[in-house]
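Colleague: Hi! Could you walk me through this one in plain words? I have a few quick questions as we go.

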Amino acid sequence: MTVENRSNLLERLESGYALPSLSVIAIRLVELASDENCSVNDLESLIEKDPSLAVRLLKLANSAFFKASLPAATLRQAIMRIGFRQLRIMALSLSLRDTFPMGRIGPINYEKFWQTSLYRALLAKTLAQHLKTCNPEEAFVAGLTLGIGFLIFFDLFLKDRGTDARPELDTLEKLLDWERVSFGIDHRQIGEVALRYWKFPEKIVHCQRSHLKEGEPQPLSQICESARVLSNVLSHRSSDFHTLFDETKGSFGLDENTIYDIILRTFDDVQDIAESLRLDIDKEKDLIALMEKANRALSRIS
């Protein structure tokens, strides 16, 4: 792809080309929640028009994610608990998840993609809670959407190329290099354009550049990048704990016990949030697999 063609593609993406259509209610919710004159009544009336979204937001408000002592019995109470600002990005995230299929299509397993994204999101949230440098709910959404550009990249370039379309590359940098060399654009560039088109907050959009080592890192971007690295522990792609610990310690100065605690705390919320995102996650199985990887790593060191 020439520079001109790449530029044309980015311009077309900025206009919505090849991007999935989000729920009309979710888009309207973003506009309404950004209006200073908007009331709880306005939000409640809008969300009630999408019963599925209403039920999922109510479940989310009552999940361990928000750690409330009393359950929210009504949609109004759920809106107040979640908050106007977080409500719009949570609704966007639920809608975004619904726009893509599940199961395996060619070389991509959508279920696995969203499972990995959810663990990355929870790691980002837990890191944000510990470090207190940014909003934990924003960190969750930034982590959840960090890889979204690859799903669009897959639809554009790889969907019809068979199971060998994507090479097995062990680092994000190698994957992005391969994408740029092969197609003139990488999935993070696409993700940035897509999230901006869908009106996600600019801080979350900026996390698409978190792999770039340029200038002073933004707290949210830095947390997202560390969550991505740590989430590799929870997938089959990596069990090199000590390399991951070294990277995280270098970024935030956390000791190994704290990092272990952050990883384990992601399992506190995962079941409730998986239900809201309509994901099938076996928390016990994933936790056992994590412990086995830790034991293997310790055995090799011994």
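Modeller: Happy to! One term before we start: when I say that residues touch, I mean that they have heavy atoms within 4.5 Å. Also keep in mind that this is a predicted model.

Colleague: Good to know. So which residues does Q208 touch, leaving out those up to four places away in sequence?

Modeller: Q208 touches T145, L146, R188, G191, E192 and L195.

Colleague: And where is Q208 itself?

Modeller: Q208 is in the loop between α12 and α13, the latter being residues 219-231.

Colleague: Is Q208 buried or exposed?

Modeller: Buried. Its relative accessibility is 1%, and the cut-off for buried is under 20%.

Colleague: Let me zoom out. How many helices and strands does the protein have?

Modeller: There are 16 helices and two strands. The protein has 302 residues, and 51% of them count as buried.

Colleague: What share of the contacts joins residues at least 24 apart?

Modeller: 68%, taken among contacts between residues at least 6 apart in sequence.

Colleague: Back to the helices. Is α9 mostly covered or mostly open?

Modeller: Mostly covered. Nine of the eleven residues in α9 are buried. Among them are I148, G149, F150 and L151, as well as F157 and L158.

Colleague: How do α7 and α9 sit against each other?

Modeller: Helix α7 covers residues 110-131 and helix α9 covers residues 148-158; their axes come within 11 Å and cross at roughly 160 degrees. That makes α7 roughly antiparallel to α9, and the crossing is right-handed.

Colleague: Which residues meet there?

Modeller: From α7 you have Y110, F113 and W114, and from α9 you have I148, L151, F154 and D155. By type, the residues of this contact are six nonpolar, no polar and one charged.

Colleague: And what about α6 and α8, at what angle do they pack?

Modeller: The angle is about 20 degrees, with the axes of α6 and α8 10 Å apart; α8 is residues 136-144. So α6 is roughly parallel to α8. Here the crossing is left-handed.

Colleague: Who meets whom in that pair?

Modeller: R85, Q86, I89, M90 and S93 in α6 meet E137, E138, F140, V141 and L144 in α8. The residues of that contact divide into five nonpolar, two polar and three charged.

Colleague: Changing topic: charges. How many salt bridges does the structure hold?

Modeller: Twelve salt bridges. The background is simple: side chains of opposite charge can pair when their charged atoms come close.

Colleague: Could you give me one that links distant parts of the chain?

Modeller: Sure, take E31 and K199, whose side chains meet in a salt bridge at 3.3 Å, N to O. E31 is in helix α2 (residues 24-33) and K199 is in the loop between α11 (187-197) and α12 (202-206), and the two are 168 residues apart.

Colleague: Are those two buried or exposed?

Modeller: Partly exposed is the right label. E31 has a relative accessible area of 36%, and K199 comes in at 42%.

Colleague: What does R56 pair with?

Modeller: R56 forms a salt bridge with D98, and their closest N and O atoms are 2.7 Å apart. R56 lies in helix α4 (residues 51-61) and D98 in helix α6 (residues 84-98), so the pair ties together parts that are 42 residues apart in sequence.

Colleague: How accessible is R56, and how accessible is D98?

Modeller: R56 counts as buried, at 6% relative accessibility, whereas D98 is partly exposed at 36%.

Colleague: What about a pair within one helix, such as D177 and R180: where do they lie?

Modeller: Both lie in helix α10 (residues 172-183), three residues apart, about one turn of the helix. Their side chains meet in a salt bridge at 2.5 Å, N to O. D177 is partly exposed, with a relative accessible area of 41%, and R180 is partly exposed at 34%.

Colleague: Last one: which residues are linked in a network of salt bridges?

Modeller: E192, R196, E202 and R209 are linked that way. You have met E192 already, since Q208 touches E192.

Colleague: Lovely, thanks!

Definitions and conventions
Residues numbered from 1 in each chain as written. Predicted model: local features only at pLDDT ≥ 70, side-chain atom pairs only at ≥ 80, totals over all residues. Heavy atoms only, no water. Axes fitted to C-alpha atoms, helices over the stretch in contact; angles between N-to-C directions. Helix = DSSP H or I, 4+ residues; strand = E, 2+ residues; numbered from the N terminus. Parallel < 35°, antiparallel > 145°, perpendicular 65-115°, else oblique. Left-handed = near helix turned anticlockwise from the far one by under 90°. Nonpolar A, V, L, I, M, F, W, Y, C, P; charged D, E, K, R; others polar. Salt bridge = Lys/Arg side-chain N within 4 Å of Asp/Glu carboxyl O. Buried < 20%, exposed > 50% of the residue type's maximum accessible area, 1.4 Å probe, protein only.
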